[in-house]
Amino acid sequence: MSYTIGFIGAGNMSGAIIGGMIAKGIAPERIIASNRGREKLDALQSKFGIRVAQDNLEAAQADVVVLSVKPQMMKAVCEALKPGLGHNPLLVTVAAGLEVSSYQRWLGDHIALVRCMPNTPSLVGKGASGLYANDNVSAAQRQQVEQLMQSVGITQWVEKESLINAVIAVAGSSPAYCFLIMEAMIEEGVRQGLTHAVAKALTIQALAGAAELAAQSDVEVDELKRRVMSPGGTTEQAIFSLEDGNLREIFSRAMQRCANRADEMAKQMGEQ
Ligand SMILES: NC(=O)C1=CN([C@@H]2O[C@H](COP(=O)(O)OP(=O)(O)OC[C@H]3O[C@@H](n4cnc5c(N)ncnc54)[C@H](O)[C@@H]3O)[C@@H](O)[C@H]2O)C=CC1
Ligand SMILES: O=C(O)[C@@H]1CCC=N1
């Protein structure tokens with residue numbers, strides 16, 4: 001793999017993907033990034049040794065161009081990039097709630113575009129990305145983006161664009177749900193007398209261990225849950241309490257709001 005990768009926008013998500021790629025051994029000189037301010041670019045350059053561009057058009061000369069600005073900025077960024085995309089690179093957008101049709105309106109119907117919905121654990125090689133390709137993306141380009149994103153975690157293709165919103169709810173946004181759960185567990189551990197450091201270390205390892213066990217196990221997660229719940233023991237009291245509190249419904253509502261927001265953003269920005 002020797003093609004070059006340009007990142008337009010060097011914020012949290014680009015930083016996570018770039019960091020993950022470098023950790024996986026992708027040569028830093030193959031990566032070039034642009035950003036509105038210098039500070040984040042300088043930080044990425046000194047941390048990872050990647051190349052930084054003077055402007056977006058320079059980063060867009062790469063073979064694969066990752067569009068990673070906030071959705072609200074995307075139209076202006078794309079319109080300014082358009083004259084510099086004559087080499088017809090593979091475009092990969094990580095923006096939530098912006099549909100292929102919008103990019104085609106801004107950049108032309110011919111563009112080869114993959115919508116990728118990654119998440120920040122990409123930084124530590126544990127990313128989970130959903131991918132959707134428009135009809136102009138060749139089989140070789142599909143492989144290219146898959147290989148790229150698999151350098152920072154797992155990938156799953158979805159064959160209907162609307163399913164990207166479900167991917168946001170399940171994977172793009174979900175690290176934040178997990179951090180909230182961690183916060184709540186650490187707070188209660190401290191209330192019960194542990195130091196913050198001890199509660200934090202145990203919480204993180206318990207959740208990471210549970211995730212690893214689920215990943216390596218050939219039984220469903222409900223069975224893994226059952227194996228912790230000794231009848232008449234402690235765990236079932238906690239699980240009963242969470243079920244009584246309608247945790248499933250809480251998650252269902254939260255994830256619906258997440259996906260609905262992506263839908264709403266697509267409608268708002270699709271009109272631009
Ligand atoms: N943060 C996350 O966990 C995830 C974010 N995303 C998507 O990634 C995209 C970027 O999000 P974040 O990295 O979180 O935001 P961010 O705000 O950290 O990064 C965006 C970067 O774009 C730069 N920027 C703004 N206008 C620009 C312009 N005209 N030209 C060049 N750079 C410009 C900003 O200075 C900033 O550094 C969004 O579209 C978001 O939907 C997708 C999945 C997960
Ligand atoms: O909150 C957001 O809109 C972005 C998309 C998925 C994660 N962060």
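**Figure 1. The loop around Asn246 in the predicted model.** Asn246 sits in the loop that runs between α11 and α12 (247-270). This is a predicted model, so read the close-ups with that in mind. Asn246 isn't a glycine, yet its phi is positive, at about 60°. Most residues other than glycine have a negative phi. The residue is exposed, because just 11 other C-beta atoms fall within 10 Å, and 12 or fewer is what exposed takes. The turn to positive phi comes just after α11. Helix α11 itself, residues 235-244, is hardly covered: of its ten residues, the number that are buried is zero.

**Figure 2. Asn88, a second asparagine with positive phi.** Here the view moves to the loop between α4 and β5 (90-93), where Asn88 is found. Asn88 is not a glycine either, and its phi is positive at about 50°. Is Asn88 buried or exposed? Asn88 counts as exposed, because it has 11 C-beta neighbours inside 10 Å.

**Figure 3. The whole chain, for orientation.** Before the next close-ups, a quick step back. The protein chain holds twelve helices and eight strands, and its C-alpha trace spans about 70 × 40 × 35 Å along the principal axes. Of the 272 residues, 33% are buried. Take the contacts between residues at least 6 apart in sequence, and 68% of them join residues at least 24 apart. The domain assignment splits out domain 1 (5-159) and domain 2 (174-263), and the centres of the two, taken over C-alpha atoms, are 32 Å apart.

**Figure 4. The N-terminal stretch named in the UniProt record.** An unreviewed UniProt entry annotates residues 4-97 as "domain: Pyrroline-5-carboxylate reductase catalytic N-terminal". In the model, this stretch is 40% helix and 19% strand. The C-alpha atoms at its two ends lie 27 Å apart.

**Figure 5. The largest nonpolar core, and Leu67 inside it.** This core has 60 residues. Those with the most contacts inside it are Ile8, Ala33, Val66, Leu67, Val92, Val114 and Ile168. Where does the core lie relative to domain 1 (5-159) and domain 2 (174-263)? Both domains give residues to it, so the core lies between them. That goes with a broader habit: in soluble globular proteins, nonpolar side chains tend to be buried together. Zoom in on Leu67 and, leaving aside neighbours within four places in sequence, its contacts are Ile8, Met74, Val77, Leu91, Val92, Thr93 and Ala95.

**Figure 6. The shell around ligand 1.** There are 27 residues around ligand 1, and Gly9, Gly11, Met13, Ala95 and Ala96 come nearest. Two elements give two or more residues to this shell, namely α1 (12-23) and α4 (71-81). Sorted by class, the shell has twelve nonpolar, twelve polar and three charged residues.

**Figure 7. The shell around ligand 2.** Which residues are around ligand 2? They are Ala96, Ile168, Gly172 and Ser173. By class, that gives two nonpolar, two polar and no charged residues. Two of these names turn up elsewhere in the set: Ala96 is among the residues that come nearest to ligand 1, and Ile168 is listed with the best-connected residues of the largest nonpolar core, those with the most contacts inside it.

**Figure 8. Ala16 on helix α1.** Ala16 belongs to helix α1, one of the elements that give two or more residues to the shell around ligand 1. Ala16 counts as buried because it has 22 C-beta neighbours inside 10 Å, against a cut-off of 20 or more. Setting aside neighbours within four places in sequence, Ala16 is in contact with Thr120, Ser122 and Leu123. The C-alpha atoms of Ala16 and Pro121 are separated by 7.1 Å, although the two residues are 105 apart along the chain.

**Figure 9. Asn56, a "binding site" position in the UniProt record.** The unreviewed UniProt entry puts the feature "binding site" at Asn56. In the model, Asn56 lies in helix α3, residues 56-59. Is Asn56 buried or exposed? Asn56 counts as buried, because there are 23 C-beta neighbours inside 10 Å. Beyond its neighbours within four places in sequence, Asn56 is in contact with Ile8, Ser34, Val77, Ala80 and Leu81. Ile8 and Val77 are also among the contacts of Leu67.

Key. Residues numbered from 1 in each chain as written. Chains lettered and ligands numbered in written order. Predicted model: local features only at pLDDT ≥ 70, side-chain atom pairs only at ≥ 80, totals over all residues. Helix = DSSP H or I, 4+ residues; strand = E, 2+ residues; numbered from the N terminus. Contact = placed C-beta atoms within 7 Å. UniProt positions renumbered as here; feature names shortened; annotations may be inferred. Core = buried A, V, L, I, M, F, W, Y, C linked by C-beta atoms within 7 Å. Domains from an automatic or database assignment. Near = placed C-beta within 6 Å. Nonpolar A, V, L, I, M, F, W, Y, C, P; charged D, E, K, R; others polar.
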